[in-house]
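Reader: I should be grateful for a close examination of one part of this model, namely the sheet that a short helix lies across, together with its setting in the rest of the chain. Please treat the strand order, the pairing and the packing in turn.

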Amino acid sequence: MIVEQKKRRDNALNIIDEFSQGNLKVKLEDSTLGDEIHGALIKLKDHFTEKEKIEDQRNWTNIGLAKFADILRMANSETNIADIVLKEVIHYLKANQGMIYTVAKEENETCLVLEACYAYDRKKYLHKKIAIGEGLAGQAYLEMAPIYMTDIPNGYPKITSGLGDATARNIYIIPLMVNEEVYGVMELASFQMFEAFELEFLNKLSEQLAASISSFNLNQKTALLLEESQLQTEQLRAQEEEMRQNTEELMATQEEMKKRQSELELLKTNLESEVFKRTEEIQEQKEELEQQLEEINTTQESLHKQKAEMEGVLLAIDYANYLAEFATDGKITYVNDQFLTLFGKAFTKESLIGKNHREFDELAKQPEAYQQFWDRLRKGEAIKKEGVVQVGERTFYLEENYTPVKNKEGEVVKILNLAHDITKVKELSLQNAAKEREIKDVLNTMNKAIIAATFDYDGNYLEVSSEFCRFFNDPEGYYDGKRDRDFNPLASRPDQYEKFWKHLQSGKSYEYMQNCEINNKKYLIETIYSPIFTPDKQVEKIMLILKPFDLAKINSSVNA
């Protein structure tokens, strides 16, 4: 009896040892163990089998999430993400059909647009759009929650294979959502029933896919804003340079006119003196007078030629600029044809003559400043200013040059205003200022909410966001003078790091996952490097964005 019990105990210990080594296929014979030990070993085997099944499911989930993280990191557009992810999800879950929709705004309305489909009639669904709340996908978006159906509705697309057509046994529709915002919907159908751990895997994968779509949208919007701002800045610079050149040419023309006018007045004075002198001597120096008269005729011909040239210059100025003359009390006495174009058909020359300057100049809304302006003109001071003219609902911006005209006694008798239209330049400047404020708002928001840094072309730190310093518990200014290679784990392998940085300098993004321990907490960090381009498509800077995931929370979620 004792020998029999010892034999049973040894057999039981051997079986338990096999179980501990993972061999659950060992046979349990009650004849060599006894009923009580045989029953206990069966329960122990069931326990190990269930534990092994749970561990296999957990490994399957973790491997799948890591695999799709790599896929999402390498994708470069929404369509690319949807096509690759859907195909791999179908294969990984051994499902049969699938669709991915992304959120789009068309004509101020939000809808779902088909980005990818698998095992459907592609021609039928290629341009499919779904309104919010329409169908299962639209309802999943609206409720922000998954829909799992085993009772398949009539009319649901059948799955086609070499054996014919068949209807799926279950459907799982899940919103692609992160931070309470839905970026799309994924719909899967299968002949096999989805298990609970597979549905949990899809829930986690949907967050990864939504985060990637969100990141792509944000990067695309930021790049577009930067490109628009840089383009408008270049246009403004070109127009400013053109305006500066036009102003210099106008000033040079005015100086030349003044010089020629002075020469004409001096020549006229000299001529009158010479004529008077020769007239007194006419009786005594007849032959000399005839010679002088010939010289005078030659001089007059030259004067007529210069006068014609000056009139041509004045005509060109009159054609290219707005010209108006005012009496010293501000009333209009003359306007050129170009000036009339400001008012369209609202006025004619005759109807404008006699109207007061204050009726059109926005400065008149400031009585004290307007009075000082006219006092300075009446004292003979030339004034250059930017004028604002309101004609009906239209606003014009002018660069105006007011020049007092004096008589021989030095008294101001009229005011000449020579102006040209700078409305387009002014409006572009205002638009560019608004765009720069918008970009600054976006960048300030990013600085407070995103763990980000920028580097120059060679990898030196330029700027870091406040969230970047807070996350690594570093003071402001800590990264001044430092380089990316000082902190990047890839730098431990110089050849690989050089290849990595040249990849960025060529204009391509780079993403990878890394494990870090910061302030006694372990993180899985999604690391994204994105180039920033100049208007001529040259790489100017590199932006780094970090997305940390708390490993403790991930593990607790997985274990749950």
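Author: Of the 560 residues in the protein chain, 35% are buried. The model is a predicted one, and its protein chain holds 14 helices and 18 strands. Among the contacts with a separation of 6 or more, 50% join residues that are 24 or more positions apart. The mean pLDDT of the protein chain is 80, and 78% of the residues reach at least 70. Confidence is not uniform: helix α4 (residues 122-125) has the lowest mean, 50, whereas β14 has the highest, 94.

The part in question is an open sheet of six strands with antiparallel pairing, and its order is β3-β2-β1-β8-β7-β4. The edges are taken by β3 (129-131) and β4 (147-149); each has a single partner strand, so one side of each is left without a neighbour in the sheet. On average, and with direction ignored, neighbouring strands of this sheet are turned by 25° against each other.

Within this order, β7 (residues 170-178) and β8 (residues 181-190) are an antiparallel pair joined by nine bridges. One point of reference in that pairing is isoleucine 171, whose bridge partner in β8 is alanine 189.

Helix α5 (residues 135-143) lies across β1 (97-106), β2 (109-118), β3, β4, β7 and β8, and runs at about 140° to β8. The buried residues of this helix are Ala137, Gly138, Ala140 and Tyr141. These residues lie on the same side of α5, because the arc that they cover around the axis is only 160°. The strands against which the buried residues of α5 pack are β1, β2, β3, β4, β7 and β8. After the helix comes methionine 144, which has a positive phi near 55°.

Backbone geometry also deserves notice where the chain leads into the sheet. Most residues other than glycine have a negative phi. Lysine 94, by contrast, is a residue other than glycine with a positive phi, near 60°. Its place is the loop between α3 (78-93) and β1. Lysine 94 counts as exposed because its relative accessibility is 58%, and the cut-off for that class is over 50%.

Two strands of the sheet also take part in the nonpolar interior. The largest nonpolar core comprises 31 residues, and Leu93, Leu188, Phe201 and Leu202 are those with the most contacts inside it. Two or more residues of this core come from each of α2 (35-74), α3, β7, β8 and α6 (196-280). Phenylalanine 201 illustrates the packing: with its neighbours within four places in sequence left aside, its contacts are Trp60, Thr61, Gly64, Leu65, Phe68, Tyr92 and Leu93. Another core, of 25 residues, lies apart from the largest one and includes Val335, Leu342, Ala364 and Trp374.

A second sheet, later in the numbering, may be set beside the one described above. This open sheet has five strands with antiparallel pairing, in the order β15-β14-β18-β17-β16. Here β15 (461-464) and β16 are the edge strands; each has a single partner strand, so one side of each is left without a neighbour in the sheet. Its neighbouring strands are turned by 25° against each other on average, direction ignored.

In the pairing of this second sheet, β14 (residues 451-456) and β18 (residues 539-550) run antiparallel and are joined by six bridges. Alanine 453 stands opposite leucine 544 of β18, and phenylalanine 455 has isoleucine 542 of that strand as its bridge partner. The antiparallel pair of β17 and β18 is joined by 11 bridges, and in it isoleucine 532 is partnered by lysine 541 of β18. Five residues separate the strands in the hairpin of β17 and β18, where lysine 537 adopts a positive phi near 70°. Asparagine 519, which is not a glycine, likewise has a positive phi, of about 55°; this residue belongs to the loop between β16 (510-518) and β17 (521-533).

To return to the part requested, the six-stranded sheet is open and antiparallel in its pairing, and α5 lies across it with its buried residues packed against the strands.

Methods. Residues are numbered from 1 along each chain as its sequence is written. This is a predicted model: local features need pLDDT of at least 70, side-chain atom pairs count only at pLDDT 80 or more; totals for chains, interfaces and linings use all residues. Side-chain values use heavy atoms; hydrogens and water are left out. Two strands pair if DSSP finds at least two bridges between them. Helices (H or I, at least four residues) and strands (E, at least two) are DSSP runs, numbered from the N terminus. Axes are lines fitted to C-alpha atoms, for helices over the stretch in contact, and angles run from 0 to 180 degrees between N-to-C directions. Contact means heavy atoms within 4.5 Å. Buried means under 20% relative accessible area, exposed over 50%, partly exposed in between (1.4 Å probe, protein chains only). The arc is that of the directions from the helix axis to the C-beta atoms. A nonpolar core is a set of buried Ala, Val, Leu, Ile, Met, Phe, Trp, Tyr and Cys residues joined through side-chain atoms within 4.5 Å. pLDDT is the predictor's confidence in each residue, from 0 to 100.
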